Amino acid sequence: MSTSDSDEDAAASGTGLRPRLTVIGTGYLGATHAVCMAELGFEVLAVDVDHSKISRLSAGEIPFFEPDLADLLRANLATGRLRFTTSFEEIAEFGDVHFVCVGTPQRPDGYGADLSHLNAAIERLAPMLTRPCLVVGKSTVPAGTAAGIARALARLAPANHSAAATADAGADAETDADIVPDLAGVQLAWNPEFLREGFAVADTLHPDRLVFGVASPAAEGALRAAFAPVIAQGVPVIVTDYATAELVKTAANSFLATKISFINAMAEVCEAVDADVLTLAEALSHDVRIGGNFLRPGVGFGGGCLPKDIRAFQARADELGVGVALRFLREIDEINNRRRDRVVDLVSAALDGTLAHRRLLVLGAAFKPNSDDVRDSPALAVADLLARTGADVTVVDPVATPNARRALPGVTYSETVEDVAADADAVVLLTEWRQFAELDPARLGQLVRRKLVIDARHALDGDRWRQAGWVYLAPGRPTGVIPSPVPEQRPRFGLPAATGPDAAARDAEIEAPVGRRS
């Protein structure tokens with residue numbers, strides 16, 4: 001099949017009968033998709049096996065942080081277009097198009113994707129599908145998964161075995177035939193998601209492209225009807241086969257991870273020759289073949305998508321006998337993880353190689369701003385590494401603190417900087433929240449013990465912080481001369497500043513050298 005323009009299909013006008021939609025799984029992807037499709041005017045019924053999650057959503061509460069989503073949830077609950085249930089029987093009876101949005105995390109015993117939740121959802125839903133409908137996979141899966149699910153639907157769905165089953169569905173069958181035209185039984189489509197956490201609402205309502213992996217014109221028509229208001233905006237629609245649709249998502253994430261790790265690898269080289277990685281990135285960005293997006297150095301990528309997706313891609317390539325083609329992704333993963341160690345090295349170097357008993361203020365726990373997601377978070381990983389050296393670590397994050405406490409319970413947490421800044425030996429910025437970029441260095445400087453800031457995300461105005469008397473350091477940027485150690489401006493832990501012949505001995509007792517990190 002080939003790429004099709006949206007204005008060539010009548011369904012793209014957004015007029016006429018609309019299919020009723022269901023969403024299976026109400027995690028980050030599923031809840032966002034359900035709310036936004038209701039916002040586009042569809043009747044939506046979402047299901048989950050987690051009763052507490054369904055109760056919270058039905059009460060207008062989003063169980064995670066995503067800007068603007070809670071307001072849209074409450075508005076669409078009020079219209080009656082959006083409902084939540086724990087009954088698969090109810091969604092099977094209700095839906096014309098079923099979106100499967102369950103998670104596919106990394107397997108605990110390897111790099112491959114865990115498809116158990118996806119397979120369980122299909123095995124539970126399929127036996128209840130007694131009339132023509134379209135099942136749409138949105139989860140990120142290894143290439144070849146969709147073909148297996150299509151075979152499972154053909155085997156398990158009653159509508160695929162008997163024409164009488166469709167007739168027995170009752171009076172709704174004729175209407176459904178108009179809404180999902182020409183579908184013979186239950187068919188499958190694959191429609192990968194491209195959501196960015198923090199921008200998921202806009203990415204759903206106004207995506208930059210739609211990818212339809214289908215096996216028949218009827219499946220394409222039903223999927224176009226399910227996205228008619230979006231297609232009417234002029235959004236490009238790429239129509240292809242199952243395997244290509246599956247690969248679009250994993251290839252896109254692999255490319256983004258490669259670009260991020262490339263500039264972080266350049267940061268390592270810049271550190272070796274005292275060059276400036278930000279200027280290097282700016283110069284590269286003016287080349288139209290390269291561009292500036294995702295060319296910002298920092299502490300690396302994290303979250304629930306890029307790390308596990310590139311690992312699952314490697315694992316699948318190995319299974320297919322083409323692992324050598326994706327061997328570079330292993331190095332991408334290693335580069336990404338090395339940046340976390342480099343931040344610890346910077347803090348240690350500025351404190352004379354000694355982190356034990358130092359009071360460190362870490363800004364950020366979420367893997368990125370505008371999110372409470374701490375899965376594979378570089379910020380939390382660095383906080384853990386710092387704590388393992390014996391440092392006294394306090395982590396500040398405006399929304400991710402509850403999740404961070406569960407993931408890393410061995411450090412102190414706060415939601416505000418000023419409450420915990422007193423007597424800090426260093427401030428380490430690891431998530432580029434706007435609130436942190438807008439901190440007043442002069443005011444903060446009155447609270448800390450040492451005016452030392454490590455800007456691992458290149459989010460602060462370095463000149464402004466230096467003018468306020470801070471030693472400002474950032475990975476991949478010239479360090480100049482670091483005072484060794486950065487001088488104290490107030491006594492440690494409220495004790496008098498160490499003076500006299502016993503001072504060095506006392507400091508040596510308190511501050512053991514940093515050991516090797518594993």
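1. In this predicted model, the stretch from residue 492 to residue 518 keeps a pLDDT under 50 throughout, and the model has 36 contacts beyond four places in sequence for these residues. A second stretch, residues 1-15, also stays under 50 in pLDDT, and here the model has 29 contacts beyond four places in sequence. For the chain as a whole the mean pLDDT is 88, with 86% of the residues at 70 or more.

2. One open sheet is built from 8 strands, which follow one another in the order β3-β2-β1-β4-β5-β6-β7-β8, and its pairing is mixed. The edges of this sheet are taken by β3 (82-85) and β8 (237-240), each of which pairs on one side only. From one strand to the next, the twist of the sheet averages 25°.

3. At the β3 end of that order, the pairing can be followed down to single residues. Strand β2, residues 44-47, pairs with β3 in the parallel sense over 4 bridges, and Leu45 has Arg83 in β3 as its bridge partner. Helix α12, which spans residues 242-273, packs on the sheet and touches β6 (186-190), β7 (210-214) and β8, while its direction makes about 145° with that of β7.

4. A further open sheet has 6 strands in the order β11-β10-β9-β12-β13-β14, and the pairing in this sheet is parallel. Its edges are held by β11 (412-414) and β14 (471-473); each has a single partner strand, so one side of each is left without a neighbour in the sheet. The twist of this sheet averages 20° from one strand to the next.

5. Within the parallel sheet, strand β10 (residues 392-396) and β11 pair in the parallel sense over 3 bridges, and the bridge partner of Thr394 in β11 is Thr412. Helix α15, residues 328-350, packs on the sheet and touches β9 (359-363), β12 (426-429), β13 (452-455) and β14, with a direction that makes about 165° with that of β13. Helix α16, residues 378-388, likewise packs on the sheet, where it touches β9, β10 and β11, and its direction makes about 165° with that of β10.

6. How many cavities of 30 Å³ or more does the model contain? The count comes to 2. The largest cavity has a volume of about 50 Å³, and its lining consists of Ala113, Thr140, Val141, Pro142, Thr250, Lys308, Asp309, Ala312 and Phe313. Helix α14 (residues 306-319) gives the largest share of that lining, namely 4 residues. By residue class, the lining of the largest cavity divides into 5 nonpolar, 2 polar and 2 charged residues.

7. The second largest cavity holds about 30 Å³ of space. Ser139, Thr140, Val141, Trp190, Pro192, Glu246 and Lys249 line the second largest cavity, and these residues divide into 3 nonpolar, 2 polar and 2 charged. Thr140 and Val141 appear in the lining of the largest cavity and also in that of the second largest. Elements of the 8-stranded sheet can be placed here too: Trp190 lines the second largest cavity, and residue 190 belongs to β6 (186-190), a strand that helix α12 touches.

Conventions. Residues are numbered from 1 along each chain as its sequence is written. This is a predicted model: local features need pLDDT of at least 70, side-chain atom pairs count only at pLDDT 80 or more; totals for chains, interfaces and linings use all residues. Side-chain values use heavy atoms; hydrogens and water are left out. On a 1 Å grid over the protein atoms alone, a cavity is a set of points where a 1.4 Å probe fits but cannot get out, and a pocket is an open set with protein on both sides within 12 Å along at least five of seven lines; lining residues have an atom within 4 Å of a point. Grid points are joined across faces, edges and corners, and a volume is the space filled by probe spheres set on the points. Helices (H or I, at least four residues) and strands (E, at least two) are DSSP runs, numbered from the N terminus. Ala, Val, Leu, Ile, Met, Phe, Trp, Tyr, Cys and Pro count as nonpolar, Asp, Glu, Lys and Arg as charged, and the others, Gly among them, as polar. Two strands pair if DSSP finds at least two bridges between them. Axes are lines fitted to C-alpha atoms, for helices over the stretch in contact, and angles run from 0 to 180 degrees between N-to-C directions. Contact means heavy atoms within 4.5 Å. pLDDT is the predictor's confidence in each residue, from 0 to 100.
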